[in-house]
There are 4 protein chains.
Amino acid sequence: MQCDVRSIELAGEGKRRIEWADRSMPVLRQIRERFERERPLDGIRLGACLHVTTETANLARTLRAGGAQVLLCASNPLSTQDDVAASLVSDYGIPTFAIKGEDNDTYYRHINAVLDGKPQITMDDGADLVSVLHSERKDLLTHVIGGTEETTTGVIRLRSMATQGVLRYPIIAVNDAQTKHFFDNRYGTGQSTLDGIIRATNFLIAGMAVVVAGYGWCGRGVASRARGLGAQVIVTEVDPVRALEAAMDGFRVLPMSKAVAEADLIVTLTGNLHVLRREHFLAMKDGATIANSGHFNVEINLPELKELSVSVREARPFVDEYTLQGGQRVCVLGEGRLINLAAAEGHPASVMDMSFANQALCAEYMVQHATDLSPTVHSVPAEIDAMIARLKLAGMGLEIDQLTDEQSEYLDSWTMGTT
Amino acid sequence: MQCDVRSIELAGEGKRRIEWADRSMPVLRQIRERFERERPLDGIRLGACLHVTTETANLARTLRAGGAQVLLCASNPLSTQDDVAASLVSDYGIPTFAIKGEDNDTYYRHINAVLDGKPQITMDDGADLVSVLHSERKDLLTHVIGGTEETTTGVIRLRSMATQGVLRYPIIAVNDAQTKHFFDNRYGTGQSTLDGIIRATNFLIAGMAVVVAGYGWCGRGVASRARGLGAQVIVTEVDPVRALEAAMDGFRVLPMSKAVAEADLIVTLTGNLHVLRREHFLAMKDGATIANSGHFNVEINLPELKELSVSVREARPFVDEYTLQGGQRVCVLGEGRLINLAAAEGHPASVMDMSFANQALCAEYMVQHATDLSPTVHSVPAEIDAMIARLKLAGMGLEIDQLTDEQSEYLDSWTMGTT
Amino acid sequence: MQCDVRSIELAGEGKRRIEWADRSMPVLRQIRERFERERPLDGIRLGACLHVTTETANLARTLRAGGAQVLLCASNPLSTQDDVAASLVSDYGIPTFAIKGEDNDTYYRHINAVLDGKPQITMDDGADLVSVLHSERKDLLTHVIGGTEETTTGVIRLRSMATQGVLRYPIIAVNDAQTKHFFDNRYGTGQSTLDGIIRATNFLIAGMAVVVAGYGWCGRGVASRARGLGAQVIVTEVDPVRALEAAMDGFRVLPMSKAVAEADLIVTLTGNLHVLRREHFLAMKDGATIANSGHFNVEINLPELKELSVSVREARPFVDEYTLQGGQRVCVLGEGRLINLAAAEGHPASVMDMSFANQALCAEYMVQHATDLSPTVHSVPAEIDAMIARLKLAGMGLEIDQLTDEQSEYLDSWTMGTT
Amino acid sequence: MQCDVRSIELAGEGKRRIEWADRSMPVLRQIRERFERERPLDGIRLGACLHVTTETANLARTLRAGGAQVLLCASNPLSTQDDVAASLVSDYGIPTFAIKGEDNDTYYRHINAVLDGKPQITMDDGADLVSVLHSERKDLLTHVIGGTEETTTGVIRLRSMATQGVLRYPIIAVNDAQTKHFFDNRYGTGQSTLDGIIRATNFLIAGMAVVVAGYGWCGRGVASRARGLGAQVIVTEVDPVRALEAAMDGFRVLPMSKAVAEADLIVTLTGNLHVLRREHFLAMKDGATIANSGHFNVEINLPELKELSVSVREARPFVDEYTLQGGQRVCVLGEGRLINLAAAEGHPASVMDMSFANQALCAEYMVQHATDLSPTVHSVPAEIDAMIARLKLAGMGLEIDQLTDEQSEYLDSWTMGTT
């Protein structure tokens, strides 16, 4: 089998961890069982560019159970779990191209390896696969019937492509499902970002001044968890409505130029570039620590930081200490890449359960409906969203109320007013 | 001037309180100053059915400053502040028809008094005005060019009217503005509901088991504030996605039939009817206290509770104690009407500032654009929403970041990927 | 019967509210039932100087059920509930001297009226009764066998008296009971202080910058509740350990001189004087609002504020607006007196249940043990504390674990180490 | 040099991590600088039994800078960081006897190796060193002048020894310092326990039902952090006052027999044994996960769990899955040993800074004052506590208020009352 992984010998540990994650993924498991019976993806070639983690492995197993021929590469050079990649190849028969810490060339070579499989469906996380397909590998576009996209950043890119008339096939924005971004972005990113930072630094969060750049779904997750761990949290935003929400949620709201002067720790989650740049580095306190949990490693302008520095050294794994010309030190975590994947294990399985249930069901939906869909960005069908929520509640052992007939009727009427 | 208020002598206290509220309403104040200069509503007859509070008074002043002829009645029999009604009449020259505690006949007589003014624009809160207009007063529909609606419940009714083809003119759903429902429903209802309950009961919330029925914007506000005051909060829901959110926000999620058995206090905010009914009353602990903060007084089935009871007495102002046949007591607050308006002062001025800025600007928009709009429910224009957010931030003295040119460009591009 | 109350006609409403409070006071109720049978205070003359609220009324009933002859005056000129005072006199036969808003002369005349009853036991809240007794009324000291003191401030004064050798009889510091200061100071003051502020102002707390001066038990209660309502909280302290705790609890810690410049609302709870003074008033933002929830009205230096001001007016009940020479306005709530009693109903009954159970049981203890006690400040006996906690848990329907025999033994041994 | 460590080659990584921790330990660093100048421990033999972590290394460096001859062993078989042990030996010249995962015999052999150094001062964490000294190595007692003890569990054992008249020399209970147990037990244990659990399991804490056994300083830290991460937290207690506090802090309070049936995760921090035992294992849900963060591995009765099980397997590092006879699975983390040390890095440096500053200053105090102290358990002198708090505030860049002269005077007076 074609593949490029660190070491196939890591497969044992990988398999064990994949199975552990599976215990927290009851929704995906139920879908896999149905897929095994129904084979809705039979013979479909599916190219996936995702973080190669235990949770992704369970998605890949599910797609394969549905009959798909899956090829997998990493959607971030630092996020691969090498034991999982090994197990995918040796235990689950899925051609995988991903090595933790791979360089940029290897990263794109792996994307091309997946594209070489002539995918009919693309499953992307950040739109790098789609982007290469629409620039260097246009010849392969004829094979593709549709795709899915996992993350906010990718959806923004795809919308931009659609607006510019560049996008050539329909893509479902999995990120926009309620059962995805309400949960994965908020609770998943919230916890795992702090987890990554703590593993990298062993900092006590209580009592720290933590700046969270961006109050989108991810940012509010991180702000909430940082507060839950005892930090004094400051939020920066460019959107006035979100800034107001942050203020009324009890956070201080400051422009970044003022926030940096008070920060012990700064985390960026904006989906934008150069959120931290020259002017900010120069205004930081000695010892300030910065991390990124947005999709791409562009939120911190590392080239500018390097220019300003007289030396760089690894102070601890995942911690690079830059010393500026004035002697002041700035610590960058995980090279400015997604810190939850670089220094921890990414999102917990329990939350990826829903995100990846959306992926699996949207792949099935695409096979059935691609021909009806225009080459633009589509929402996850509402019935898929609701079904996943119900399966998840059941998996958590939670019961909820049902509308009575009288109540359903009331919601549809307008004549009953104040009495 | 035509009016029906408790006592005109209360005007002095009302005026003082209206001015106090005005201090926390910088957005509306700036709009009022512009309206005085520009008179965008000159000569427009505007019929408003709103909670007659200090904040509404400042909205009415603003509409009048813009040139409108405003007539005002209450949108809830218990929510009128009699001193404010008096001051509106005597200090601000606004015909007002509202008496706290008015009976159902008077309530609807007041609505008809406003309709008698042949409004061109309706400004509603709960859609009672629109509902009467479309049933008993259809003759007046010819005068109307458009309207606005303040609350979730009203929007649901209007959507139902539009779906059924009954709605005869365009209405803007002010409730759907981000600067409205994100703030007023969450922070306003959150705080003021607890405030009303505490004033009615003087309960210590810490240590209580509090059940919140409904995890919409209002419900999550109340759940969050109850937890912030030390309660152990249980959420009930009919929507699986919201139920999952509640669980991941750390709340217990139970069906109502199980929740009632543990509850010290139950608050309904569902927009639906009979959320608490016979089966629930019978399962409550002795001394359980129930309140409603949804728009209409139908969420608690009081007729059923009366049937089950051997006696009812007022235990304290706003507290009716029902004794069931088994001897067990249930206390109902504020007769099951909106407890924040019944027992406290409704939403704080600071949050109504944004909601009513939306009302004023949507009235202006309607005058300019009504002829272009179909007779259905419309969203608040995005530019109004953003402008209000910016004015509010300025009013709170908060500064935020601006996108750099490079960043705006990045958001519009799709070619820059992982590096 | 001797008494001085606002109007005896208010008794009906007072009685109803006293009975309502009694429902949330199961511990005191059980003690009252035992006292009725056992009459442990038979014939004892007891002079009480306490906030005259519904909860105090239930304490007075309990003491009287135990056989005591109780005389009652107010421990704060603003904290009396006039309907309760009336009911105490007319329904419960307790001579009461207390009128809400009484002037300073009347306040001390009422204290003297209680002392005229030649108390054998004093029950004080702030040590004003004890202080008058030890200065102007020394002749009465021969009657007194012992006393109790309710609050932190009173205990500090009494300790100072004991240290200086002035105190002439034993006093039990009820405030030091775990079942008192852990609960009443933290949860009671926390909620009721915010309650008083909201009633006085109708402010939305979410999004406000709230400064809490003092991080003792009361201060941390207020800080926690303000955060729970969405405020951005800043703490000021003079004690380094408490300041560290505040920081690690996630609050900003600033010296007052810096905090005032950011504050929308400032609350003092330090037990010290002139926490807010000239330098702070001058540095406040226009419209800043200040309140006190410490025992005495000395924490805000109002005479200095008056000197700095060109005018003062009542902007709303309980809100005095001072305009400084520079035009900047400062609003003082409740004349700088305990805001929870001035503008709201004081501590909820549920928490006073434990505090006053301590009072009742300590009065009984004093009758039995006064002769064995030196004339100094004594702790509440541990067995009283534990008994109250157990009764309260039962009253709340909560069950806890019991140590097994094996576990009790383990706690007493030292030989079992790491295995 | 005498030593027993995993591999001396790990020293490089250990040194780098020790230096990283030092950056968050400004208080200890200042003490070390003074010790280097003043040499207050010159020639003193000091035997330390502590968790061998980066923070402990910085304490050892400080003691050595003060002139002491330090020997070090582990206070828990699982808590040693092997790279740190290596660095202590090779970079800092401190004889160290500690290997992560050492068996029970080795553990006690290492304690004896430290005792072989004939310590004059013992520095203990859990009282194993003192316990061996007072049983098997009584001959060495003549050398000892005094000691210190780090943890709650150790202090309980020592108090029991003192009560039974067994303790032979004075020991300072470092744990009782405010700057120790307020911070280390609450914020340190709180964060690091969750950290250990997340590293071991990659669980999403949000939405889990988490049972915290014990609401002491450590337990409330864990309960608070679990809630901060979105868990629904249940507390179990044997002490009625603590149980009440937990309830009023908003937690559910249940006896363990009921709590286990709802628990997804259970953490014990009681300082007692067999908190989880046969009856509880049998009542757990399938897949329930249990961990201990109390000092000793006796809180979970593992022998009973083994008896009940048909199989045990390692599901993931630090996760042992027991399958009971009924097929239900229970996962035990870190073999029931302190999970924050077993699966994570123990307390963050920032909080150990204060705990170990107490250790260093108490060792100095003991050298100066041991002859004046009786052979019992002593408190940390108040001036040491206050000095550490002030140094820490300075290290965090925080400024606080100072009492004015007028205020100091006021606190000492009793004559100024209500005005």
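**Figure 1. A salt bridge between A:D4 and A:R109.** A:R109 has a relative accessibility of 48%, which makes this residue partly exposed. As in every view here, the coordinates come from a predicted model. The partner, A:D4, is also partly exposed, with a relative accessible area of 23%. The closest N and O atoms of A:D4 and A:R109 are 3.8 Å apart. The two residues belong to distant parts of the chain, 105 residues apart. A:D4 sits in the segment before α1 of chain A, while A:R109 is in helix α5, residues 104-115. Over all chains, the count of salt bridges is 128.

**Figure 2. The surroundings of A:A11 in helix α1 of chain A.** The helix runs over residues 11-23. Is A:A11 buried or exposed? Its relative accessibility is 6%, and buried means under 20%, so A:A11 counts as buried. Leaving out residues up to four places away in sequence, A:A11 touches A:D83, A:A86, A:S87, A:S90 and A:D91. One of these, A:D91, is 80 residues from A:A11 in sequence. In space, the C-alpha atoms of A:A11 and A:D91 are 7.3 Å apart.

**Figure 3. The largest nonpolar core and A:L88.** This core has 97 residues. Those with the most contacts inside the core are A:L63, A:L88 and A:F183. Helix α15 of chain A, residues 349-369, gives the core its largest share, 11 residues. In soluble globular proteins, nonpolar side chains tend to be buried together. Which residues surround A:L88, apart from its neighbours within four places in sequence? A:L88 is in contact with A:V52, A:A57, A:A60, A:L72, A:G93, A:I94 and A:T96.

**Figure 4. The interface of chain A and chain B.** Chain A gives 75 residues to the contact, and chain B gives 75 residues. The size of an interface is often given as the accessible area lost when the parts come together. Between chain A and chain B, the buried area is about 6500 Å². Carbon and sulfur atoms give 60% of this area. There are four salt bridges across the interface of chain A and chain B. In one of them, A:E399 pairs with B:K258, and their closest N and O atoms are 3.0 Å apart. Between these chains, 20 residue pairs are in polar contact. On the side of chain A that touches chain B, helix α10 (residues 240-248) contributes the most, with seven residues. That side of chain A is made up of 36 nonpolar, 22 polar and 17 charged residues.

**Figure 5. The interface of chain C and chain D.** Here 75 residues of chain C are in contact with 75 residues of chain D. The two chains bury about 6500 Å² between them, with 60% of that area on carbon and sulfur atoms. How many salt bridges are there between chain C and chain D? The count is four. In one of the salt bridges, the side chains of C:E399 and D:K258 meet at 3.0 Å, N to O. Residue pairs in polar contact between chain C and chain D number 20. Helix α10 of chain C (residues 240-248) supplies the largest share of the side of chain C that touches chain D, seven residues. By residue type, this side of chain C divides into 36 nonpolar, 22 polar and 17 charged residues.

**Figure 6. Two salt bridges within chain C.** The side chains of C:R39 and C:D42 meet at 3.0 Å, N to O. C:R39 is partly exposed, at 38% relative accessibility. In the second salt bridge, C:R220 and C:E245 meet at 3.1 Å, N to O. C:R220 and C:E245 are 25 residues apart and link distant parts of the chain. C:R220 lies in helix α9 (residues 217-228) of chain C, and C:E245 lies in helix α10 of chain C. Both C:R220 and C:E245 are buried.

**Figure 7. A:R316 and its contacts with chain A and chain D.** A:R316 is part of strand β12 of chain A, which covers residues 309-316. With a relative accessible area of 5%, A:R316 is buried. Its side chain makes a polar contact of 2.5 Å with the side chain of D:E345. Leaving aside neighbours within four places in sequence, the residues of chain A in contact with A:R316 are A:R199, A:A200, A:T201 and A:N202. From chain D, the contacts of A:R316 are D:R16, D:R17, D:W20 and D:E345.

Notes:
Residues are numbered from 1 along each chain as its sequence is written. Chains are lettered from A and ligands numbered from 1 in the order in which they are written. This is a predicted model: local features need pLDDT of at least 70, side-chain atom pairs count only at pLDDT 80 or more; totals for chains, interfaces and linings use all residues. Side-chain values use heavy atoms; hydrogens and water are left out. Helices (H or I, at least four residues) and strands (E, at least two) are DSSP runs, numbered from the N terminus. Buried means under 20% relative accessible area, exposed over 50%, partly exposed in between (1.4 Å probe, protein chains only). A polar contact is a pair of N or O atoms within 3.5 Å; within protein, one must be able to donate a hydrogen and the other to accept it, and residues adjacent in sequence count only if both atoms are side-chain atoms. Contact means heavy atoms within 4.5 Å. Buried area is the accessible area (1.4 Å probe) that two parts lose on being put together, summed over both. Ala, Val, Leu, Ile, Met, Phe, Trp, Tyr, Cys and Pro count as nonpolar, Asp, Glu, Lys and Arg as charged, and the others, Gly among them, as polar. A nonpolar core is a set of buried Ala, Val, Leu, Ile, Met, Phe, Trp, Tyr and Cys residues joined through side-chain atoms within 4.5 Å.
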